[in-house]
Protein chains: 2
Amino acid sequence: MTPVSMPYEASGRAEQKLRTRSALVAAARALVAQGATPSVAEVADAASISRATAYRYFPSQRQLLAAAHPETAATSMLGEDPPEDPAARLDRVVQAFTALIVRTEQQQRTMLRLSLAEDGTERVGLPLRQGRAITWITEAFEPVREQLTDDGVRALALAVRSAIGIEALVWLTDIGGLTREQAVESMRWSAQALLQAALSRGAPGVEVGAKAR
Amino acid sequence: MTPVSMPYEASGRAEQKLRTRSALVAAARALVAQGATPSVAEVADAASISRATAYRYFPSQRQLLAAAHPETAATSMLGEDPPEDPAARLDRVVQAFTALIVRTEQQQRTMLRLSLAEDGTERVGLPLRQGRAITWITEAFEPVREQLTDDGVRALALAVRSAIGIEALVWLTDIGGLTREQAVESMRWSAQALLQAALSRGAPGVEVGAKAR
DNA sequence: AGGATGATGAGACTTAGGTCTCATGATGAG
DNA sequence: CTCATCATGAGACCTAAGTCTCATCATCCT
């Protein structure tokens, strides 16, 4: 018979597995949040779990650290009282999103690096890299869904995302030599430029009216 | 006294060092060109040089592979008969540049990954990541230098570069799910959008006239 | 010629990712 | 209660990056 109630910690095979996994993720999260790229052994030690067991739950360091990626619970980035003007909406989203990226820059860098492993096989498995950015950005375009087809909105969202993500931040700061603030300004500006172009000349791949050139 | 002439291979300490270094770089280049990320031992073996010696020339695998990065000799991407229209000029540069990126995608990915090492110290030392892209892009803006201050041109070039580089390609294909061709189209479109915005509303960080919003 | 210098090769050693085996102890089903 | 199942820990083993030492041999200088 199944146990009737167990207020504190249920004990059973399934519960044990959950606890072990949680301990690993929690330990990894704590270490990653400090900007470190902990070894599997370090995470396992911090969780008081053997290295072998860590590998039983996560087949690679990448997947372990991936699971530790900061959860962004936000379901929307439009905030209170979203404006109607698409440019203003987009700017809100961009500011919130870039702020999130800057705030978690170390983790973002770690994840970016891990996502570039040479074997493309594992690359797919990373759920974190496919964040909710596209959803958030698309929300900003709600008022102009009519003017830009669904495909257009998606294409535009992709272009915007690729202009305001961690990759852009890394390049603008590390190689472009901008400060964090300047990089964020540049990304905000780019996002607006892309929106204006889409409104006046159609989204990428979905040219409306005259060809772009 | 120094030897008078030595038609084939000069032999001396300096020449020996050059030959060893060249052999390493050549071997690394050949392996990297195949899309591999060879270990130091593999490169050393291919060059018939001991691993220890390889480390004497390059303190890390990253620096070794960095030296193997494809040399892009092109001094300009405008080609024959450059048009006057800035949009057309930019499109030429963007097409040539993205074609280069796509053609050497494997190496570009490798370099991107290597450039993201956790210790920021070594990050600086990579000469390859600071390619000539900014120069090439800036050339496209020659006709509009008057309208956009020097700072404006630079800021715009940075924004464009961050929209058309390997980072953008990786994101658009791996996560955005676009094909190479679609990704290139998206990047071309973005570059044009940024140029138009700069011409009509001023470059990022160098707003001319009314604020962007 | 002969000794100092410098380039190289060989190989030991450390750390870390990843795999695998075996023993142990708790869970769960009969 | 008892035995099979299963999560775990311990530790060996492999590969690769990176460091270091020592011996060898060619070059260069006096």
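## Two protein chains and two DNA strands

Chain A is built from eleven helices and two strands. The model is predicted. Read from the N terminus, the elements of chain A follow the order α-α-α-α-α-α-α-α-α-α-α-β-β. Chain A has 213 residues, and 39% of them are buried. Among contacts in chain A with a separation of 6 or more, 65% are between residues 24 or more positions apart.

**The two copies**

How are chains A and B related? A turn of 180° with a shift of 0.1 Å along the axis lays chain A on chain B with an RMSD of 0.1 Å. This is the relation of a two-fold axis. Both copies use the same surface, since 100% of the contact residues of chain A recur in chain B.

The contact between the chains involves 40 residues of chain A and 40 residues of chain B. On the side of chain A that touches chain B, the elements that each supply at least two residues are α5 (86–103), α6 (105–114), α9 (150–164), α10 (166–175) and α11 (180–201). Of these, α11(A) gives the most, with ten residues. By residue type, this side of chain A divides into 19 nonpolar, eleven polar and ten charged.

**The nonpolar core**

In soluble globular proteins, nonpolar side chains tend to be buried together. The largest nonpolar core here holds 113 residues, and A:L156, A:L194, B:L156 and B:L194 touch the most other members. One of these, B:L194, is in contact with A:S190 and A:A193 of chain A, and with B:L156, B:A159, B:V160 and B:A163 of chain B, leaving aside its neighbours within four places in sequence.

**The surfaces near DNA**

Which residues come nearest to DNA strand C? They are A:G12, A:S39, A:Q61, B:T20 and B:T53, out of 20 residues around this strand. Around DNA strand D there are also 20 residues, and the closest are A:T20, A:T53, B:G12, B:S39 and B:Q61.

Near DNA strand C, at least two residues each come from α2 (40–46) and α3 (51–57) of chain A and from α1 (13–33) and α3 (51–57) of chain B. The largest share, four residues, comes from α1(B). Near DNA strand D, the elements that give two or more residues are α1 (13–33) and α3 of chain A, together with α2 (40–46) and α3 of chain B. There the largest share, four residues, is that of α1(A).

The table lists the residue types on these surfaces.

| Surface | Nonpolar | Polar | Charged |
|---|---|---|---|
| Near DNA strand C | seven residues | nine residues | four residues |
| Near DNA strand D | seven residues | nine residues | four residues |

**Two residues with positive phi**

A:S48 is not a glycine, yet its phi is positive, at about 55°. A:S48 is found in the loop between α2 and α3 of chain A. Is A:S48 buried or exposed? A:S48 counts as exposed because it has 8 C-beta neighbours inside 10 Å, and 12 or fewer is the limit for that class.

A:D81, likewise a residue other than glycine, has a positive phi near 55°. A:D81 lies in the loop between α4 (61–67) and α5 of chain A. With 5 other C-beta atoms within 10 Å, A:D81 is exposed.

Terms used: Residues are numbered from 1 along each chain as its sequence is written. Chains are lettered from A and ligands numbered from 1 in the order in which they are written. This is a predicted model: local features need pLDDT of at least 70, side-chain atom pairs count only at pLDDT 80 or more; totals for chains, interfaces and linings use all residues. A residue is near a molecule or strand if its C-beta atom, placed from the backbone, lies within 6 Å of it. Ala, Val, Leu, Ile, Met, Phe, Trp, Tyr, Cys and Pro count as nonpolar, Asp, Glu, Lys and Arg as charged, and the others, Gly among them, as polar. Two residues are in contact if their C-beta atoms, placed from the backbone, lie within 7 Å. A residue is buried if 20 or more other C-beta atoms lie within 10 Å of its own, exposed if 12 or fewer, and partly exposed in between; C-beta atoms are placed from the backbone. A nonpolar core is a set of buried Ala, Val, Leu, Ile, Met, Phe, Trp, Tyr and Cys residues joined through C-beta atoms within 7 Å. Copies are superposed by least squares on the C-alpha atoms of residues with pLDDT of at least 70 in both.
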